[in-house]
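Hi everyone, thanks for coming. Please take a moment to look at the screen, and then we'll walk through it together.

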Amino acid sequence: MASHFNTSLKLLLVIFFTSSLHHHLVKSFEFEVGERVGWVIPPSNNTTFYNTWASKNRFEVGDTLNFKYKKDSVMAVSEIDYRRCVSTHPTFYSNNRDTDFPLKHPGTFYFISGAAGHCEKGQRMIIKVLNRSQPSDSPPPPPSHNSTLPPSSAGGVSTGVAVLGPLQMLVVLCVGSLMF
């Protein structure tokens, strides 16, 4: 009888833990800027190329932008510097050919190339980053993709992160002690 009770209690705790964990799953996406084209002067000097790409995606706090390029750089700049294609006071600069830019807070971000003349030819982009709970008219992020495959035309690769609160940690410890 006690064995049946212990088994039932374990099962109940596992069900509780897994159902409460489901509500605390946070998804983040890594967006490959420009997808297969990468971070380059846009094809045929299409000056709206990157902003068109950005408008097809929904960026949220916790997501990451990945810039892939060869002999170039990427800079985050102010709106004024973006409009002028000026790169003298960037808030972020990288030229390592494979740059990750984590989106840590909501707001509007402005990116330009640091290579002379590239910004004027369209290698620049504006994105708006939303809080995860903030509603938007934008479509939801794309479904999860295998990280070894290129992202779909919608943009991102999903990475799930479990966030456990004190109650869930207590349940984990209880279930673990009951099972052994």
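Let me begin with a question: is phenylalanine 111 buried or exposed? Phenylalanine 111 is buried, with a relative accessible area of 0%. By buried I mean under 20% relative accessible area, with exposed being over 50% and partly exposed in between, using a 1.4 Å probe and protein chains only.

Before going further, a word on what you are looking at. This is a predicted model, in which local features need pLDDT of at least 70 and side-chain atom pairs count only at pLDDT 80 or more, while totals for chains, interfaces and linings use all residues. Residues are numbered from 1 along each chain as its sequence is written, and side-chain values use heavy atoms, with hydrogens and water left out.

Now, the strand around that phenylalanine. Helices (H or I, at least four residues) and strands (E, at least two) are DSSP runs, numbered from the N terminus. Strand β7 covers residues 107–113, and because five of its seven residues are buried, β7 is largely enclosed by the rest of the structure.

What does β7 pair with? Two strands pair if DSSP finds at least two bridges between them. Strand β4, residues 74–77, runs antiparallel to β7 and is joined to it by four bridges. Strand β8, residues 124–130, is also antiparallel to β7, with six bridges joining the two. Tyrosine 110 is a nice spot to look at: valine 77 stands opposite tyrosine 110, and in β8 the bridge partner of tyrosine 110 is isoleucine 126. As a general reminder, side chains in a regular strand alternate between the two faces of the sheet.

Next, the aromatic rings. Rings of Phe, Tyr and Trp (its six-membered ring) pair if their centres lie within 6.5 Å; planes under 30 degrees apart count as stacked, over 60 as edge-to-face and the rest as tilted. Searching the whole structure gives 11 aromatic pairs. One of them is phenylalanine 92 with phenylalanine 101, edge-to-face at 4.9 Å centre to centre and 80 degrees between the planes. Phenylalanine 92 is partly exposed at 23% relative accessibility, whereas phenylalanine 101 is buried at 9%. Phenylalanine 101 also pairs edge-to-face with phenylalanine 111, this time at 5.0 Å and 85 degrees. Phenylalanine 101 lies in strand β6 (residues 98–102) and phenylalanine 111 in strand β7, so this pair ties together parts that are 10 residues apart in sequence. Ring pairs build a cluster out of Trp39, Phe49, Tyr50, Phe67, Phe92, Phe101, Phe109 and Phe111.

Let's move on to the cysteines. How many disulfides are there? The count is one, taking a disulfide as a pair of cysteine sulfur atoms within 2.5 Å. Cysteine 85 is joined to cysteine 119, with 2.1 Å from S to S, and the link is left-handed, at -70 degrees about the S-S bond. Cysteine 85 sits in the loop between α3 (79–84) and β5 (92–94), and cysteine 119 in the loop between β7 and β8, so to speak of distant parts of the chain is fair: they are 34 residues apart. Both cysteine 85 and cysteine 119 are buried.Last stop: charges. A salt bridge here is a side-chain nitrogen of Lys or Arg within 4 Å of a carboxyl oxygen of Asp or Glu, and the whole structure has five. Which residue does arginine 58 bridge to? Its partner is glutamate 60, with the closest N and O atoms 2.9 Å apart. Arginine 58 is buried at 13% relative accessible area, and glutamate 60 is buried at 6%. Glutamate 60 also meets arginine 132 in a salt bridge, 2.4 Å from N to O. Because arginine 132 lies in the loop between β8 and β9 (156–162) and glutamate 60 in strand β2 (residues 59–60), the pair ties together parts that are 72 residues apart in sequence. Arginine 132 is partly exposed, at 29% relative accessibility. Shared partners join Arg58, Glu60, Asp63 and Arg132 into one network of salt bridges.

That's my tour, thanks for listening!
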